[in-house]
Amino acid sequence: MTTETVLRADAMLTPAGTIAPAELAFDETGRITYAGPPRSASEVTHDLAGHALMPGLVNGHTHSAMTLQRGASDDEGFMQWLATVQGIEQRVTHDDLVVGLELALLEMIETGTVAFADMYYWDEALIERVRSAGMRVFAALACNANDDVAFPSVSSLTGANVLDEVERLATKYREDPLVRVGFGPHAPYTCTPEFLREVRERALAGGIPIHTHISESAAEVAQIREQYGETPGNYLASLDFFDAEVHAAHCVHLTEAEVAVFAQTGTSVSHNPVSNLKLGNGIAPLPEMIDAGLKLAIGTDSVASNNSLDLFEELKQATILHRGARQDAAAVLGPQTIDIATRGGAAAIGFPDSGALAVGRFADIVAVDLTVTTATPLPPENLVAHLVYGATGRDVREVFIGGRHVYHDGTHLTLDADAVREKARAARARLVG
Ligand SMILES: [Zn+2]
């Protein structure tokens, strides 16, 4: 006999639209067994009156351990920002990465994120922190070149060693529903063509995904044009890079032809509007990417260029930014972006069973408080608009991931929040001063 956990709420966002009032149930496998109107015979486990249920948000691109660098370079512009954060990265220890990651896990869970794509230094110890917190991660191990040591104060692994490590970890976690491991070649302007070719070959041979940055800044596009005579996307296409499964961050300066290549090859993109705006890099062609049917996610990028991991802010920006830039209120619509931030993002980063409150999907559920002033008054038909334009991460009260209750009424159930914040303050003081 199966044991169901049953949630009741005022409203619920499902692929079929908003249901109000609503009931959702999942079993001990962590998958949803019912999502619909309240059933008369149910024994309610969690009475969430005054709340709406929505699928957990998916962060399409971040570097989570960089939480310790929040505010390290806020007004300097992209290339100087990069130099500042990379300077700090030469001093980080493994303990710093652990506490930086845990601080990010706190923030993501508190603001309703259940899965994230991350490019940084990753090893088993760090992956296990994510698993013990109960979150889902697509962990891409950052690398630049065969003989380059990306994190010298953490590990002596060269780029060549990192490629071996990715293959080992990808094999180890292949069946794990919380973990995907991939290659993280930083960007076409920091990696050699030979290195990118090798990553591609290994990705194809091992069925391992790649996460990389593409066309983030105009300076990058100019540099790649000068070096290779192509825009970054076309240059990578000339290496047959997109034969592999590639998830690309930013794509601010993607051309129409490149968007078509991405659509043809199934290459996914994480749109990160706040980071792109803060670093002065521009506005990605999101409406064109939507029209072309690209696999899309919405991401925050690291807090060093944001300064938050709250995807509700990103969701609003991704919706209204393109309207203002094009003087067209229909350029991007709220139902489109919330779909990208949940179902679309989950599929783009390799967790297709997350992202929707529907039978058979994982119970990756967020409960948002509807009793707050900013949600008053709220007719049920306005739920999507509220989640896109009005709600913030501070409205999140409950989070379940794969049926595991990880956050309850402001309290973390899988992390010692006070201890993590205390350790983070000490690490930051030592690292940045
Ligand atoms: Zn990034």
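These legends describe close-up views of a predicted model.

**View 1. The zinc site has four protein donors: His61, His63, His213 and Asp301.** Each histidine contributes its NE2 atom, and Asp301 contributes OD. The donors lie 2.0 to 2.7 Å from the zinc ion. Angles between the four donor atoms run from 84 to 171°, so the arrangement is irregular. A tetrahedral label would need all angles between 85 and 135 degrees. Along the chain the donor spacing reads H-x1-H-x149-H-x87-D. The pair His61 and His213 links distant parts of the chain. His61 sits in strand β6 (residues 57-62), His213 in strand β10 (residues 210-214), and 152 residues separate the two. Both His61 and His213 are buried.

**View 2. Cys143 and Cys191 do not form a disulfide.** A disulfide is a covalent bond between the sulfur atoms of two cysteines. How far is the sulfur of Cys143 from the closest cysteine sulfur? The distance is 6.3 Å, to Cys191, and that is too far for a bond. The cut-off for a disulfide is 2.5 Å between the sulfur atoms. Seen from the other side, Cys191 is in no disulfide either, and its nearest cysteine sulfur is that of Cys143. Cys143 is buried at 2% relative accessibility. Cys191 is buried too, at 3% relative accessible area. The structure as a whole holds zero disulfides.

**View 3. Glu23 and Arg39 meet in a salt bridge.** Side chains of opposite charge can pair when their charged atoms come close. Here the N to O distance is 2.7 Å. Glu23 lies in strand β3 (residues 22-26). Arg39 lies in the loop between β4 (32-36) and β5 (46-55). The pair therefore ties together parts that are 16 residues apart in sequence. Is each partner buried or partly exposed? Glu23 is buried, at 0% relative accessibility. Arg39 is partly exposed, with a relative accessible area of 25%. The structure holds 25 salt bridges.

**View 4. Glu107 and Arg70 form a salt bridge between a helix and a loop.** The N to O distance is 3.1 Å. Glu107 belongs to helix α2 (residues 94-110). Arg70 belongs to the loop between β6 and α1 (78-89). The two residues are 37 residues apart, and the pair links distant parts of the chain. Glu107 counts as buried at 14% relative accessibility. Arg70 counts as partly exposed at 28%.

**View 5. Arg180 forms a salt bridge with Glu245.** The closest N and O atoms are 3.1 Å apart. Arg180 lies in strand β9 (residues 179-185). Glu245 lies in the loop between α7 (232-238) and β11 (246-250). The pair thus ties together parts that are 65 residues apart in sequence. Arg180 is buried, at 18% relative accessibility. Glu245 is partly exposed, at 38% relative accessible area. Elsewhere, salt bridges with shared partners join Glu4, Arg8, Glu23 and Arg39 into one network.

**View 6. Phe241 and Phe242 make an aromatic pair.** A pair of aromatic rings is described by the distance of the centres and the angle of the planes. Which geometry do the rings of Phe241 and Phe242 adopt? Their centres are 6.1 Å apart and their planes stand at 75°, so the pair is edge-to-face. The edge-to-face class takes planes over 60 degrees apart. Phe241 and Phe242 are both buried. The count for the structure comes to seven aromatic pairs. One aromatic cluster is formed by Tyr120, Tyr121 and Phe151.

**View 7. Arg31 and Arg136 each lie over the face of Phe362.** Arg31 is 4.1 Å from the ring centre. Arg136 is 4.3 Å from the ring centre.

**View 8. Ala391 lies in a loop between a helix and a strand.** The flanking elements are α13 (383-390) and β15 (396-401). Ala391 is buried, at 6% relative accessibility. Val274 is 117 residues from Ala391 along the chain. The C-alpha atoms of Ala391 and Val274 are separated by 17 Å.

Technical notes:
Residues numbered from 1 in each chain as written. Predicted model: local features only at pLDDT ≥ 70, side-chain atom pairs only at ≥ 80, totals over all residues. Heavy atoms only, no water. Donors = N, O, S within 2.8 Å, 3.2 Å for Na, K, Ca; no water. Tetrahedral: all angles 85-135°; square planar, octahedral: opposite > 155°, others 65-115°. Helix = DSSP H or I, 4+ residues; strand = E, 2+ residues; numbered from the N terminus. Buried < 20%, exposed > 50% of the residue type's maximum accessible area, 1.4 Å probe, protein only. Salt bridge = Lys/Arg side-chain N within 4 Å of Asp/Glu carboxyl O. Phe/Tyr/Trp six-rings, centres within 6.5 Å; stacked < 30°, edge-to-face > 60°. Lys NZ or Arg CZ within 6 Å of the ring centre and 35° of its normal.
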